[in-house]
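Okay, can everyone see the screen? I'll bring up the sequence and the structure, and then we'll walk through a few spots together.

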Amino acid sequence: MRSSTTRSGRCEPTTGIVPFMALVEQVMTQEPYASAKRVFWIVDNGSSHRGRRSIDRMAARFPNAVLVHTPVHASWLNQIEIFFSIVQRKVVSPNDFTDLAEVRERAQPFQWRFTTSDLDDLLARLDRHTPADRQGESSVTPAA
């Protein structure tokens with residue numbers, strides 16, 4: 001059960017594992033995420049969260065976190081990239097910020113259309129399926 005939507009964000013001087021894990025720490029230590037059964041982190045294949053090591057690092061620190069990597073050429077992700085491109089052009093560019101505090105002041109969270117109720121419904125549908133059900137839904141027939 002979700003009490004409310006929590007918005008989190010960070011402005012960091014660099015990218016990488018340390019800033020990414022600082023964001024994860026910030027989110028995962030507050031409710032409703034700290035006590036959630038599962039928290040899905042959908043990430044691209046950027047170097048700060050790529051591959052098996054990133055999955056292991058996340059699971060070791062937060063067992064309820066599930067790191068989901070998008071396909072390398074995920075067309076649905078293009079919509080998000082378009083949004084961030086607009087933010088880049090309208091908010092971040094030109095690069096006339098004197099410091100990160102100024103970036104924080106100008107950047108504002110946005111409201112996703114996929115609501116927490118939508119997510120609750122999706123997770124409930126997923127919970128109704130067993131691993132055997134999922135195998136039956138696969139389009140690939142296992143070799144005998």
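I'll go from the core to an aromatic pair, then to a buried asparagine, and finish with a couple of smaller stops. Keep in mind that this is a predicted model.

So, the core. The largest nonpolar core here has 13 residues. If you want to pick out the ones with the most contacts inside it, select F20, V24, M28, W41, M58, A65 and L67. Which elements give two or more residues to this core? Those are α1, running 17–28, then β1 at 39–43, and β2 at 65–69. Helix α1 puts in the largest share, five residues.

Zoom in on V24 for a second. Setting aside residues up to four places away in sequence, V24 touches W41, M58 and F62.

Next, the aromatics. How many aromatic pairs does the count come to? Just one. It's F20 with W41: the ring centres sit 6.1 Å apart and the planes are at 80°. Edge-to-face needs an angle over 60 degrees, so at 80° this pair is edge-to-face. F20 is in helix α1 and W41 is in strand β1, so the pair ties together parts that are 21 residues apart in sequence. And are these two buried or exposed? F20 counts as buried, at 12% relative accessibility, and W41 is buried too, with a relative accessible area of 12%. The cut-off for buried is under 20%.

Okay, now the asparagine. N64 is in the loop between α2, which is 51–61, and β2. N64 has a relative accessible area of 15%, so this polar side chain's residue is classed as buried. What does the side chain of N64 reach? The backbone oxygen of A36, at 2.9 Å. Leaving out neighbours within four places in sequence, N64 is also in contact with a run of other residues, among them M28, Y33, K37 and V39.

While we're looking around there, go to the loop between α1 and β1, where you'll find P32. The peptide bond from E31 to P32 is cis, with omega near 10°. If you're setting up anything from these coordinates, that's the one I'd point at on screen.

Last stop: E102, in helix α4, residues 100–106. E102 comes out as partly exposed, with a relative accessible area of 26%. Apart from neighbours within four places in sequence, E102 is in contact with D96 and F97.

That's my tour, happy to rotate to anything you'd like to see again.

How values were computed
Residues are numbered from 1 along each chain as its sequence is written. This is a predicted model: local features need pLDDT of at least 70, side-chain atom pairs count only at pLDDT 80 or more; totals for chains, interfaces and linings use all residues. Side-chain values use heavy atoms; hydrogens and water are left out. A nonpolar core is a set of buried Ala, Val, Leu, Ile, Met, Phe, Trp, Tyr and Cys residues joined through side-chain atoms within 4.5 Å. Buried means under 20% relative accessible area, exposed over 50%, partly exposed in between (1.4 Å probe, protein chains only). Helices (H or I, at least four residues) and strands (E, at least two) are DSSP runs, numbered from the N terminus. Contact means heavy atoms within 4.5 Å. A polar contact is a pair of N or O atoms within 3.5 Å; within protein, one must be able to donate a hydrogen and the other to accept it, and residues adjacent in sequence count only if both atoms are side-chain atoms. Rings of Phe, Tyr and Trp (its six-membered ring) pair if their centres lie within 6.5 Å; planes under 30 degrees apart count as stacked, over 60 as edge-to-face and the rest as tilted.
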